[in-house]
Amino acid sequence: MPSVDRPSLSLLAAFGRQFRRHGQALMASLTDVANPLLFFFMVVTLFPLGLGPDPLQLASMAPGILWVVALLASLMVSARMFASDFEDGSLEQMALASHPLSVLALGEVAAHWLATGCLLAVVSPVFAMMLGLPSQGLGVLVLSLLLGTLCLTLIGAVGSALTVSIRRGGLLLSLLIIPLNVPVLIFGTAAVTEAVMGRDPSTWLTLMGALAAGMLALAPLAVGAALRISLDS
Amino acid sequence: MLLLSAADVSIERGERRLLQGVDLSVASGQVWQVLGANGVGKSSLLRALAGLARFGVEGSIARFEPLLYLAHAPAIKGALSPLENLRCHPACDITSSPAQIALALEAVQLGGFEHQPVGSLSAGQQRRVALARLLLTDARLWLLDEPFTALDGAGCDWLEECIRGHVSAGGAVIFTSHQPSRFSELQQDLDLGSYAVS
């Protein structure tokens, strides 16, 4: 019974709807959003206790510490990215929709990144100051984390899509995606270190930008294909 | 008008072959009830007909019209309200206005619950939220997996009415249920027991 009064949905609207749906579900469970931040906070408070209170030593290690913790926080949340959708049948319905699954999944990934990676990057100067990171590194830290968490989230989305149907797929997910996360970690730490030293970090930031752009183009296709495989088993 | 045809379909799940040689062609105006014992492969067949399962499915399945598939897991988010759930439902390819959604929720007797999180509603009410999709779709073929589960008597009657209306308007429905036949004159049975591989 086709009806004239209900227009069909454009691709952009389908993306937006999926973004909104996932975003609302995330907002409703604030613990999921607060968890990575809390984790970040705890680790950053523990490091000075373990390493000793020497501000110079802490400041020199701060870029590495911040980036490793950001990576682990991202890993922690990406394992559950598609889990609830798989359990409540949303993934099946997404796969049946007439719009490409990769676009719908990208809507979810975008909402997920805003609530985790982007939020983490915005809050990161607070944590950086707790570790005594020199102030000239703060801007680059935020920028590198914005680009970096985008890469990490997209890589995590591919891993999560591949392992969503596996019970206790968390370990497998880590094994799959940690090697892929390594370049992001290296570029990110290098950019922040360069900025702290007073040198130009733009090479590293450009590399990360290229990585993010490439991932943004390719990862959704991989996510779509991986989700179909997961649904099929 | 032919909406779906399946020829010589066999379904494997894991290492086990469940069904073999299932033939089915569904035309508009038909209601098919898929019957069979637990575990015989009713849900697997429905998933295969919907096009969700490809590995382990042999034979040819042709779908000629957009379809609506309502699974056991109804793709309803507990954290969202019924209104939001239906507005942002991933499978609806048409946009429904809030007024149309409110009307659909009214029809499934959820008026007044539009803004409550679905998670706080009862199982039967959650089922009704999922079923409200039937009023917001223009898909001709409905594949319903145990649609009568958790519904009360009035809910079952409403669903029966809804299916009858859809069929008389040129649609078709394939559903699984263990309930006795409700659509006596319209209905055709597909008993999977005779296709089961022992």
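In the predicted model, A:Leu119 lies in helix α6 of chain A. The residue has 16 C-beta neighbours inside 10 Å and therefore counts as partly exposed; the cut-off for a buried residue is 20 or more. A:Val33 is 86 residues away along the chain, yet the C-alpha atoms of A:Val33 and A:Leu119 are separated by 8.9 Å.

Helix α6(A) spans residues 101–130. The axes of α6(A) and α9(A) come within 8 Å and cross at roughly 105°. The two helices are therefore roughly perpendicular. On the α6(A) side, the contact is made by A:Leu101, A:Ser102, A:Val103, A:Ala105 and A:Leu106. Helix α9(A) contributes A:Pro220, A:Leu221, A:Val223, A:Gly224, A:Leu227 and A:Arg228. By class, eight residues of this contact are nonpolar, two are polar and one is charged.

Chain A also meets chain B. The contact involves 30 residues of chain A and 27 residues of chain B. Three helices of chain A, α1 (11–28), α5 (90–96) and α9 (202–232), each supply at least two residues to the side that touches chain B. The largest share, seven residues, comes from α1(A). This side of chain A comprises twelve nonpolar, ten polar and eight charged residues.

B:Leu52 belongs to this interchain contact. It touches A:Glu92, A:Ala95, A:Leu96 and A:Leu231. Within its own chain, B:Leu52 touches B:Arg47, with residues up to four places away in sequence not counted. B:Leu52 is found in the loop between α1 and β4 (57–63) of chain B. It has 21 C-beta neighbours inside 10 Å and so counts as buried. B:Tyr69 is 17 residues from B:Leu52 along the chain, and their C-alpha atoms are separated by 9.9 Å.

Chain B contains five helices and eight strands. From the N terminus on, its elements run β-β-β-α-β-β-α-α-α-β-α-β-β. The radius of gyration of chain B is 17 Å, close to the 16 Å that the globule rule gives for 198 residues, so the chain is as compact as a globular protein of that length. The C-alpha trace spans about 50 × 35 × 30 Å along its principal axes. Buried residues account for 42% of the 198 residues. Among contacts in chain B between residues at least 6 apart in sequence, 73% join residues at least 24 apart.

Five strands of chain B form an open sheet in the order β5-β6-β7-β3-β8, with parallel pairing. Strands β5 (67–70) and β8 (187–191) of chain B stand at the edges. Each has a single partner strand, so one side of each is left without a neighbour in the sheet. On average, neighbouring strands of this sheet are turned by 15° against each other, direction ignored. Strand β3 (residues 31–35) of chain B runs parallel to β8(B), and five bridges join the two. In this pairing, B:Val31 stands opposite B:Gln187 of β8(B).

Helix α1 (residues 42–50) of chain B lies across four strands of chain B: β3, β5, β6 (141–145) and β7 (172–176). The helix runs at about 150° to β6(B).

Terms used
Residues numbered from 1 in each chain as written. Chains lettered and ligands numbered in written order. Predicted model: local features only at pLDDT ≥ 70, side-chain atom pairs only at ≥ 80, totals over all residues. Contact = placed C-beta atoms within 7 Å. Nonpolar A, V, L, I, M, F, W, Y, C, P; charged D, E, K, R; others polar. Axes fitted to C-alpha atoms, helices over the stretch in contact; angles between N-to-C directions. Parallel < 35°, antiparallel > 145°, perpendicular 65-115°, else oblique. Rg over C-alpha atoms; globule rule 2.2 N^0.38 Å. Buried ≥ 20, exposed ≤ 12 C-beta atoms within 10 Å, placed from the backbone. Pairing = 2+ DSSP bridges.
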